[in-house]
Amino acid sequence: TDMDVNGEDIDLDQCLAVESTEKRKSSLMLDFLDSAIQERNAAARINDKLMGDRMNKLTESIKKNEERRTKSKSRAELLNKMNLVDIQSQAEKSLNHIEDLEDNGIVRERKRLFFGTAGEQQSLLYRQIWEPFSDEQHEVVLNALTAWHLAREENDERYMWNVTLPELFLHMYKEIFGISTLAEAEMCLVSTPVP
């Protein structure tokens, strides 16, 4: 047996048991820390993958928007080169679309906003279509639509400017460039850079 500094017997078995308990506690703590580190590493890998996926989607979205913008720009250039006779002819053909909307009671977004609250009506001012049509083209289309409204004995200029004129331009744009839907045509018009 060994003795401590006070001359008392030291029980080595008891000391080894205490030391063994401390080692087990330390080992458990290290195991816990290793486990926590592994969980954090796994979470970081998942997060890295999610961020990579998001970055790829964002990059793809930016690429698609740039392609759409480039295509819209070339469409705008082609539209500006169209002569006024062709624009008038297309406007007159597209009046059938306006007639269908009006005669069949079809309520598209602009018409809904026109008959909505004051704020909704006000929003139509920001949804009018000017670009990429030139001023001369705009005037030709407006004249064709005005004649159509007068022939129907309708004289609501506010309705014409905020509902039927933008609808006519959208339909013309859709038809000229073979776009499948009016919604897509509107998105193309909105993303068209001003020449």
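## Overall layout

Helices (H or I, at least four residues) and strands (E, at least two) are DSSP runs, numbered from the N terminus. By that reckoning, the chain has seven helices and two strands, and reading along the sequence gives you β-β-α-α-α-α-α-α-α.

Keep in mind that this is a predicted model, where local features need pLDDT of at least 70 and side-chain atom pairs count only at pLDDT 80 or more, while totals for chains, interfaces and linings use all residues. Residues are numbered from 1 along each chain as its sequence is written, and side-chain values use heavy atoms, with hydrogens and water left out.

Buried here means under 20% relative accessible area, exposed means over 50%, and partly exposed is in between (1.4 Å probe, protein chains only). Of the 195 residues in the chain, 28% count as buried.

## Helix α2

Let's start with α2, which covers residues 84-103. This helix has 20 residues and spans 28 Å from its first C-alpha to its last, close to the expected 28 Å at 1.5 Å a residue (the expected span is 1.5 Å times one less than the number of residues). There is still a kink of about 25° in α2, centred on K93; the bend at a residue is the angle between axes fitted to the seven residues ending there and the seven starting there.

What sits at the two ends of α2? At the start, a side-chain oxygen of N83 comes to within 3.1 Å of the backbone nitrogen of V85. After the helix comes G105, with a positive phi near 65°. As for the residues tucked away, I87, Q90, A91, S94, L95, H97, I98, L101 and E102 of α2 are buried.

## Helix α5

Next up is α5, at residues 135-151. It has 17 residues and reaches 24 Å between its first and last C-alpha atoms, close to the 24 Å expected at 1.5 Å a residue. Its buried residues are Q137, H138, V140, V141, L142, A144, L145, W148 and H149. Just after α5, E153 takes a positive phi of about 60°.

W148 deserves a second look. This α5 residue has 10% relative accessibility, so it counts as buried. W148 and E92 are 56 residues apart in sequence, yet their C-alpha atoms are 9.0 Å apart in space.

## The largest cavity

A cavity, on a 1 Å grid over the protein atoms alone, is a set of points where a 1.4 Å probe fits but cannot get out, and lining residues have an atom within 4 Å of a point. Searching the whole structure turns up two cavities of 30 Å³ or more. The volume is the space filled by probe spheres set on the points, with grid points joined across faces, edges and corners.

The largest cavity holds about 60 Å³ of space. Which residues line the largest cavity? They are I98, L101, E102, I106, R108, K111, Y159, V163, T164 and E167. Both α2 and α6 (157-177) supply at least two lining residues each, and α6 gives the most, with four. By class, the lining has five nonpolar, one polar and four charged residues. For sorting purposes, Ala, Val, Leu, Ile, Met, Phe, Trp, Tyr, Cys and Pro are nonpolar, Asp, Glu, Lys and Arg are charged, and the others, Gly among them, are polar.

## The second largest cavity

The second largest cavity has a volume of about 40 Å³. Its lining is made up of Q128, I129, W130, H138, W161, L165, P166 and F169. Once more α6 provides the largest share, at four residues. By class, this lining has six nonpolar, two polar and no charged residues.

## Loops and side-chain contacts

R127 is in the loop between α4 (118-123) and α5. Its relative accessibility is 25%, so R127 counts as partly exposed. The C-alpha atoms of R127 and V163 are separated by 9.5 Å, with their positions 36 residues apart along the chain counted as their spacing.

Two side-chain pairs round things off. A polar contact is a pair of N or O atoms within 3.5 Å; within protein, one must be able to donate a hydrogen and the other to accept it, and residues adjacent in sequence count only if both atoms are side-chain atoms. S180, in the loop between α6 and α7 (182-190), counts as exposed because its relative accessibility is 58%. Its side chain and that of E184 are joined by a polar contact of 3.0 Å. E186 is found in helix α7, and at 17% relative accessibility E186 counts as buried. The side chains of E186 and R110 make a polar contact of 2.9 Å.

Technical notes. 1 Å grid on protein atoms, 1.4 Å probe; cavity = no way out; pocket = protein on both sides within 12 Å on 5 of 7 lines; lining within 4 Å.
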